[in-house]
Amino acid sequence: MAIREIREIGEPILAKKAKPVKEITPKITELIDDMLDTMYEAMGVGLAAPQVGVLKQVIVIDVGEGPIVLINPEIINEEGEQIGQEGCLSVPGKIGIVKRPNKVRVRAYDENWEIRELEGEGLLARAFCHETDHLKGEMFVDKTEDGVYNMNELESADLMDEIEEEE
Ligand code: ZN
């Protein structure tokens with residue numbers, strides 16, 4: 001178990017497509033353990049392997065309900081819509097308002113190489129979308145409603161009001 005360095009926006013690996021995992025090897029298990037350590041240490045709710053410099057389709061998420069490991073994840077259903085704040089460990093100190101589906105169903109292998117289907121609502125749905133985007137080389141900063149803010153620049157409530165007024 002070890003903390004890995006989190007790559008920041010601008011590093012080419014964050015714009016690349018991650019490759020599917022073919023089987024669970026000791027190296028993949030170590031990657032998952034390290035990603036969980038790294039996510040918890042950084043106090044994030046999700047982390048994708050490209051963020052620690054590994055172009056593999058591996059994601060870890062914990063929205064406060066325990067760790068979730070998703071390997072080769074595929075979003076198979078989306079429902080509804082939510083507009084809310086989003087940040088990223090690779091874009092420190094910044095937030096943006098991003099529209100996401102409110103309910104997301106994802107199919108993936110877990111750390112024991114068992115196929116699972118999970119449904120997430122609210123923050124978990126947002127995390128599924130945000131982290132699977134990383135595997136496609138996509139970042140939330142390109143999906144915001146009106147750009148990216150410094151975390152302490154504006155009260156989030158003001159931001160939300162602005163967005164609602166525009167609609
Ligand atoms: Zn991110």
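Donors here are N, O and S atoms within 2.8 Å of the metal. The structure is a predicted model, and this report covers its zinc site, its pockets and its aromatic pair.

**Zinc site**

Along the chain, the donors of the zinc ion are spaced C-x41-H-x3-H. The protein donors are C88 through SG, H130 through NE2 and H134 through NE2. They lie 2.0 to 2.2 Å from the zinc ion. Water is not among the atoms, so the site may look incomplete.

The two histidines belong to helix α2, which spans residues 123-135. H130 and H134 are 4 residues apart in that helix, so about one helical turn separates them. Are H130 and H134 buried or exposed? Both are buried. That places each of them under 20% relative accessible area, because this is the cut-off for buried.

**Pockets**

The table sets out the two pockets by volume and by the classes of their lining residues.

| Pocket | Volume | Nonpolar | Polar | Charged |
|---|---|---|---|---|
| Largest pocket | about 400 Å³ | 10 residues | 7 residues | 4 residues |
| Second largest pocket | about 210 Å³ | 5 residues | 1 residue | 6 residues |

The largest pocket has 21 lining residues. Nearest its centre are V45, E86, G87, C88 and L89. C88 is also one of the protein donors of the zinc ion. Which element gives the most to this lining? Helix α2 does, with 5 residues. Strands β4 (82-86) and β5 (94-100) contribute too, and each of them, like α2, supplies at least two residues.

The second largest pocket is lined by residues that include R4, K19, P20, V21, K22 and E23. T25, K27, I28, L31, V54 and K56 also belong to this lining. Charged residues number 6 here, alongside 5 nonpolar and 1 polar.

**Aromatic pair**

How many aromatic pairs does a search of the whole structure find? It finds 1. The partners are Y109 and W113, with ring centres 4.0 Å apart and planes at 10°. Planes under 30 degrees apart count as stacked, so the pair of Y109 and W113 is stacked. In general, the distance of the centres and the angle of the planes describe a pair of aromatic rings.

Y109 has a relative accessible area of 26% and is partly exposed. W113 is partly exposed as well, at 28% relative accessibility. Both values fall in this class because it runs between the 20% cut-off for buried and the 50% cut-off for exposed.

Key. Residues are numbered from 1 along each chain as its sequence is written. This is a predicted model: local features need pLDDT of at least 70, side-chain atom pairs count only at pLDDT 80 or more; totals for chains, interfaces and linings use all residues. Side-chain values use heavy atoms; hydrogens and water are left out. Donors are N, O and S atoms within 2.8 Å of the metal (3.2 Å for Na, K and Ca); water is not among the atoms, so sites may look incomplete. Buried means under 20% relative accessible area, exposed over 50%, partly exposed in between (1.4 Å probe, protein chains only). On a 1 Å grid over the protein atoms alone, a cavity is a set of points where a 1.4 Å probe fits but cannot get out, and a pocket is an open set with protein on both sides within 12 Å along at least five of seven lines; lining residues have an atom within 4 Å of a point. Grid points are joined across faces, edges and corners, and a volume is the space filled by probe spheres set on the points. Ala, Val, Leu, Ile, Met, Phe, Trp, Tyr, Cys and Pro count as nonpolar, Asp, Glu, Lys and Arg as charged, and the others, Gly among them, as polar. Rings of Phe, Tyr and Trp (its six-membered ring) pair if their centres lie within 6.5 Å; planes under 30 degrees apart count as stacked, over 60 as edge-to-face and the rest as tilted.
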